[in-house]
Each structure stands twice: as C-alpha cells, then as structure tokens.
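Please open the structure in your viewer and keep the sequence panel visible. The tour below proceeds by selections, each followed by a description of what is there.

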Amino acid sequence: MCAEKRRTAPAAPAAASKGGRWQTLTLSVAQWPIATRIVLLALLPLLALGMAGGLWLRGQMQQALWGGFDQALQDKAQRVAARLQLGPRTDLQEAPATADEFSAIYSGWYWRATLNEQVLRSRSLWDMDNLPTEARPVSDSMPLHRALGPMQEPLLARTVDLSVGEPPQPVRLTVYGPAAATWASLQRIDQTLALAGAALVLLAVALCWLQVRVGLAPLRRLEALLATIRNPSSAAQEGALVDVQAMLAAPTGRDLQPLQAELASLWEHNARVVARARAHASDLNHALKKPLALLSAQASRDAAVPAADVQRQVQAMAQVIDRYQARTFSDALHMQAAMHPATAAQPVDVAQCVAEVVRMMERLHADQALEWTLQVQDGTTPLWRGERTDLEEVLGNLLDNAGKWAASAVRIDLTVEEGDANQPPQVMLQIEDDGPGMAPHQLQAAGQRGLRFDDSVQGSGLGLHIATQMVQAYGGELSLGKSALLKGLSVRVVLPGVQAAQRPRKA
C-alpha cells in the first residue's frame, strides 16, 4: 500500500502545473486589447461557419456530380446487360450490336463481365484483361470506384450483379467511364470555393476593422478628452471645472455615458480634494502665523521669553494643528461618503450637537457673562446625514465668533424647513447676537479668507470662511444679515440632507 501511495503522489504537482498554465493563459487572454477581442470574436465564428459551409457545399456538389455519373453508368450497364446471353455450352456471349462507345478501342468507356471463371469484355478494352480499381468507393453513399484505364486515364467504375439466361446464371458486370471531366469539375469547384472563402475572409477582416474603428471611436474620443484634461492648453484658465463640463458635453454615445459621467464625477471629486487640501494648508498657515509672530515679537523685545507665554502660544498652535487635522480627516470621510453613499456615517442628532457646542461656548466665554439661548422648534429633533465633526466645526466657528462680539446675549434657533416632492427637508440654524454687527459693505465682503474688520478682538479671520466653505461643501447656504431681535449680527445656515425629523409623541 505504501508503494502504491508513492507511485500516485507525483500526480498532484502535475495537476497543479496544469492549473497554473490555465491560469496563466487566462490572465494573458484577459490582458488582450478590446480591439483584438472584438476581431477574434467576430472572425473566429465567421471563419468556422464559412469553413463548415464551404465543406458542406463542396460535399453536396461532389454528390451531385457523382450521382449524375453513377446514373449514366447504370444506364449503360442496363444496355450492356440487354446484349449479354448464354451460349450452347452455358458460356457468356454478347449479341451482335451496332457500333457504340464500347466499340472504339481505348475510347474511355469499357465494360467487363464475369461468369464463374469466364471473363467477357468490351471491344474498347482490346487486349486489356483487367483494369486497376480501388477497393474503397469515392463516397460512402455512392458505389463508385476509382480506376485507371489502358492509357492511364482516370476512370470511374460501377459494378452491377445480373442474372442471365435460363436457368439464370449470376453475372458480375463492371462498367467504366472517363472521369477526367468530373475531376476537372471538382477542381473548379474547389478553386471557386477557395476564392469565395478568401474573398469572404477579406470582407470579414475589412468589416471587423471598420467595426473596431467605428465602434471604438467613442473610446478614442474619451481618451483624447482625458489627455486634453491632463495636459490642458495655455488658453484654459479655469482648470478642472471647464474640463469637467467638456467631459459631460462630449459626444461619446449612449453606452459610454455612464462611464463618462463617472469619470467626470471622479475628476471633479479629485479637483475638490486638491482645492480643499490647498485651502487647508493656506488656512493652517494663516492660523499659525499669529502665535509665531507673537513669539517672534516678544523674543525681539525681551532676551528671555517667559515660559508661560511660550507655553500659551505653543498650546494655541497645538490646538490649531489638532483642529485642522480633524478637519482633514472629516473632509476625507465626507468625500468618501459623497463617492460611496453606503459608507456614510450615522445620522447626526442636530439638537444634541448644538446643545453640546453651546455648553462648551458657555465655559469658553464664561468671563463675559453672556446669556446663551437655544430654541428648538416644537421640540423637533432633526437627524442630519453628514459628519458630526463638520457640524461641530461650523457651530464652533460661528458661536465662537458670536461670543467674541456679543454684548450680553446669543440666541440660537433650530428649525426644520419642510420640503415638497422637489425640495427635501432642510435644517435651518439662526445664530444672533447683540453685538455691533456689520455694515452692508462688510456683510458682502465677509467670509473671505483671512479678512478681518477689527483687530481689537483676538482671531485669525478664518472662522467665517471655514464655516462657509464647509456648509457649501454639503450643498448648503450660509448668509449674513442684521438681527431683527437682538440688533446685532445674524447668521443663517441652511443644510440639506435631513433624514428624519422626530417629534415627541403627544400624551
């Protein structure tokens, strides 16, 4: 038993090697160009069908030619059989007849009859006793045999069994006929079919080439468009937005429109990622300038900078870095959720998030003794489809800005704007303070990166810009105005993407 196991063990590596070769072949075929696959899938079945049809047609024509020749030999065999008779000594004889094709010597038409050991032949055979004949017929369905005549000419032979005389004697009659014309006809058929097959192949190749050129033209246009976007001309000043619009408008056909839209969306997504990354880098640069400038100014004035001041500025810079690191991570999640909605985070309880940020602001601005008021419409608890860190970032910047400028009170109103079939529900946040507010020209310019209207309050001029940028990233809107209730600044934030607006049950 052990020896038997040793003998059968090498079979596994052989099977594994076959499987590896099959996988290698499959991978190599998978790497073929689309044009090659189209040509092969079109040509191979057509060639196989054309070859099979040509062989079938050739066989039918051969059968027709051999059938006609066989019928002619049968007719002549019947005529010869009518002249055969038995002599007085039961010998086979031919009755006198007029001259015909069997009378001329070596005419190409011959016959040979045998009765027991006696042989009777036509006069056209002259002194030839027998003709070399192949034992195998030319066709399984046709009893014709190839033979060679006295002049080595090609012949076709047909053998017929007869009964002659009284009592009947079995006679075997073989009739021969010239086959040169038949073979020439078969050669012409083969030549015609070969020329027709070659013409069909050339036509198929031309049609496949035309199919590849016309069918893959949209892909080539899309490739050229992508190359243009990758290497834009000097005249294109807008960058990605103009190119994306060109991608959406380029004619590529109905089948490629989904791919075209996905590529445009991906390209626009990448452009937004780059733009947001640049904005983050610029914002971080601006945010770190102030603590560094303060340290530099203090170091230039004093030989030894107090450790408390250094610690305070370092802590401020660490907070800035942490905040922008969180923003970068939040942006990555937001971009992923935009590209793959199924991976989006859990819905955010807006009322709870606002309440937590308000409590944090109360502690942050505790020395100002401000009155913070959160008003939620009818106890509504809206659930928002977005990142909680993004919402906290927007609220933190806006509420921190309101706390810096408010004199005594900050009011936050949270409502849900009910939508219709065309407009889904939206979260609306109204943040008001009783500070000095902004002039009309300041309201128009507010939100620009690093722009500040008053340096008496500590800040970098980035909070409102960051909040506006993040709200717009979610397709929302941030607008500034004058508070009708508190007479200060009013910030209105509208965020789409409300998943549900839970309301408390009535008792």
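**First stop: helices over a sheet**

Select helix α9 and the strands beneath the selection: α9 lies across β10, β12 (409-417) and β13 (426-433), running at about 175 degrees to β10. Here, lying across rests on contact, meaning heavy atoms within 4.5 Å. Axes are lines fitted to C-alpha atoms, for helices over the stretch in contact, and angles run from 0 to 180 degrees between N-to-C directions. Helices (H or I, at least four residues) and strands (E, at least two) are DSSP runs, numbered from the N terminus.

A word on the model is in order. This is a predicted model, in which local features need pLDDT of at least 70 and side-chain atom pairs count only at pLDDT 80 or more, while totals for chains, interfaces and linings use all residues. Residues are numbered from 1 along each chain as its sequence is written, and side-chain values use heavy atoms, with hydrogens and water left out.

Now add α10, which lies across β10, β12, β13, β14 and β15 and runs at about 20 degrees to β13.

**Second stop: the pair α9 and α10**

Two packed helices are described by the angle between their axes and the distance between the axes. Select residues 350-364 for α9 and 388-405 for α10: their axes are 10 Å apart, at an angle of about 40 degrees. The two helices are therefore oblique to each other; angles under 35 degrees count as roughly parallel, over 145 as roughly antiparallel, 65 to 115 as roughly perpendicular and the rest as oblique. The crossing of α9 and α10 is right-handed, a term used if the near helix is turned clockwise from the far one by less than a right angle, whereas anticlockwise is left-handed.

Show the side chains next. Among the α9 residues that meet α10 are Val350, Val354, Val357 and Met361, and their counterparts in α10 include Leu391, Leu395 and Leu399. By class, this contact has 10 nonpolar, 2 polar and 4 charged residues. Ala, Val, Leu, Ile, Met, Phe, Trp, Tyr, Cys and Pro count as nonpolar, Asp, Glu, Lys and Arg as charged, and the others, Gly among them, as polar.

**Third stop: the sheet of five strands**

Hide the helices and follow the open sheet of 5 strands in the order β10-β12-β13-β15-β14, where the pairing is mixed. β10 (371-376) and β14 (477-482) stand at the edges with a single partner strand each, so one side of each is left without a neighbour in the sheet. From one strand to the next, the twist averages 15 degrees.

Two strands pair if DSSP finds at least two bridges between them. Select β14 with β15 (residues 489-496): the two are antiparallel over 6 bridges, and Lys482 stands opposite Leu489 in β15. In the loop between β14 and β15, find Lys487. Phi of Lys487 is near 70 degrees, a positive value in a residue other than glycine. Lys487 is exposed, with a relative accessible area of 52%; buried means under 20% relative accessible area, exposed over 50%, and partly exposed in between (1.4 Å probe, protein chains only).

Is Gln426 in β13 buried or exposed? Gln426 counts as buried, at 15% relative accessibility. Beyond its neighbours within four places in sequence, Gln426 is in contact with residues including Thr415, Glu417 and Val494. Glu417 lies in β12 and is partly exposed, with a relative accessible area of 28%.

**Fourth stop: two further helices**

Select α3 (residues 34-83) and α4 (residues 180-215), whose axes come within 10 Å and cross at roughly 165 degrees. That makes α3 roughly antiparallel to α4. By class, their contact has 22 nonpolar, 6 polar and 2 charged residues.

**Last stop: a hairpin and two backbone details**

Select β3 (residues 110-115) and β4 (residues 118-121), which run antiparallel and are joined by 4 bridges. They form a hairpin with 2 residues between them, and Asn116 in the turn has a positive phi of about 55 degrees.

Most residues other than glycine have a negative phi, and most peptide bonds are trans. Two places now deserve a selection. Tyr106, in the loop between β2 (92-94) and β3, has a positive phi of about 55 degrees although it is not a glycine. Finally, the peptide bond from Glu166 to Pro167 is cis, with omega near -5 degrees; Pro167 lies in the loop between β7 (154-164) and β8 (169-178).
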